[in-house]
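Walk through this model one element at a time. Keep the structure in view as you read.

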Amino acid sequence: MSNYLRPAAVMLLLLTLATGAVYPALVTLVAQTVFAEQANGSLIKTAHGEVIGSRLIGQSFSDPQYFWSRPSATAPYPYNAAVSSGSNLGPTNPALSEAVAARIRTLKQADPDNQAPVPVDLVTASGSGIDPHISPAAAAYQVHRIAKTRKLDEAKVRELIAANTQGRQWGVLGEPRVNVLQLNLALDAGNFPAPN
């Protein structure tokens with residue numbers, strides 16, 4: 001019996017060290033060396049070094065002068081990365097229909113003059129529940145409200161959206177998207193593109 005226990009114990013110890021200490025240390029070293037910003041959360045800081053968000057985790061905006069993010073499915077605390085998940089409500093679930101209808105009403109109340117169809121990503125949560133991006137169409141839908149609230153020219157707000165729209169990753173993956181936090185920061189800073 002001891003002929004089996006000793007090799008098993010040694011293998012357990014070696015595998016524990018390899019997978020529990022050496023491998024995590026190696027991955028951490030590579031991540032901190034090659035991808036330091038991403039490994040540390042892709043944080044966005046003010047000029048004074050105060051962290052105001054992450055490029056990877058959405059934030060809730062409800063003030064009419066800001067672009068609004070996708071709804072978050074991480075209730076009761078919106079955009080809580082610790083409980084990242086979708087809503088798991090199917091398309092025939094009445095709770096999903098009610099939630100979408102309520103979100104449409106909120107958008108229409110915030111901008112009653114806007115008669116455009118509401119883009120789907122403004123009324124449905126993403127699979128993660130913490131998506132920091134919206135589509136360019138969702139950003140364009142909000143232009144009238146923001147321009148009116150901030151007393152800006154709508155064309156300038158559209159130019160700001162275009163300047164902050166990210167294309168497909170490597171030119172083929174995903175769809176064009178706009179990071180809501182970065183767009184709102186550019187809006188606050190008045191970083192409007194220079195006229196051509």
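The model is a predicted one. Start with the aromatic rings. The structure holds one aromatic pair. Its partners are F61 and Y66, in a tilted arrangement. The ring centres are 5.9 Å apart, and the planes make 40° with each other. Both F61 and Y66 are buried.

Next comes the sheet. Three strands form an open sheet in the order β3-β5-β4, and the pairing is antiparallel. The edge strands are β3, residues 133–134, and β4, residues 165–166. Each of these two pairs on one side only. A helix, α7 (residues 180–189), packs on this sheet. It touches β3, β4 and β5. The direction of α7 makes about 65° with that of β5.

Look at the pairing of β4 in detail. β4 and β5 (residues 177–179) run antiparallel and are joined over two bridges. One residue to find here is T165, whose bridge partner in β5 is V178.

I134 falls within the residues 133–134 of β3. What does I134 touch, leaving aside residues up to four places away in sequence? Its contacts include W68, S69 and R70, as well as D121 and L122. A139 and Q142 are also touched by I134, and so are R177, V178 and V180.

I134 leads into the nonpolar core. The largest such core has 25 residues. F67, I134, I161 and L183 are those with the most contacts inside it. Several helices give two or more residues each: α3 (94–110), α4, α5, α6 and α7. The most comes from α7, with five residues. There is a general pattern behind such a grouping: in soluble globular proteins, nonpolar side chains tend to be buried together.

Turn now to α6, residues 154–163. Its buried residues are V157, L160 and I161. Why do they line one face of the helix? Seen down the axis of α6, the buried residues fall within an arc of 100°, so they share one face. On the other side of α6, A162 and A163 are exposed. Which elements cover the buried residues of α6? Among them are two helices, α4 (136–141) and α5 (143–150). The cover also includes β4, β5 and α7.

α5 can be read in a similar way. Its buried residues are V143, R145, I146, A147 and R150. Two arginines, R145 and R150, are thus on the buried list. The cover over the buried residues of α5 includes α3, α4, α6 and α7.

The backbone just after α5 deserves a look. There K151 takes a positive phi of about 55°, although K151 is not a glycine. K151 sits in the loop between α5 and α6. Is K151 buried or exposed? Its relative accessible area is 75%, so K151 is exposed.

W170 is a further residue to check. It has a positive phi of about 55° and is not a glycine. The place of W170 is the loop between β4 and β5. Its relative accessibility is 71%, so W170 counts as exposed.

Terms used
Residues are numbered from 1 along each chain as its sequence is written. This is a predicted model: local features need pLDDT of at least 70, side-chain atom pairs count only at pLDDT 80 or more; totals for chains, interfaces and linings use all residues. Side-chain values use heavy atoms; hydrogens and water are left out. Two strands pair if DSSP finds at least two bridges between them. Helices (H or I, at least four residues) and strands (E, at least two) are DSSP runs, numbered from the N terminus. Contact means heavy atoms within 4.5 Å. Axes are lines fitted to C-alpha atoms, for helices over the stretch in contact, and angles run from 0 to 180 degrees between N-to-C directions. Buried means under 20% relative accessible area, exposed over 50%, partly exposed in between (1.4 Å probe, protein chains only). The arc is that of the directions from the helix axis to the C-beta atoms. A nonpolar core is a set of buried Ala, Val, Leu, Ile, Met, Phe, Trp, Tyr and Cys residues joined through side-chain atoms within 4.5 Å. Rings of Phe, Tyr and Trp (its six-membered ring) pair if their centres lie within 6.5 Å; planes under 30 degrees apart count as stacked, over 60 as edge-to-face and the rest as tilted.
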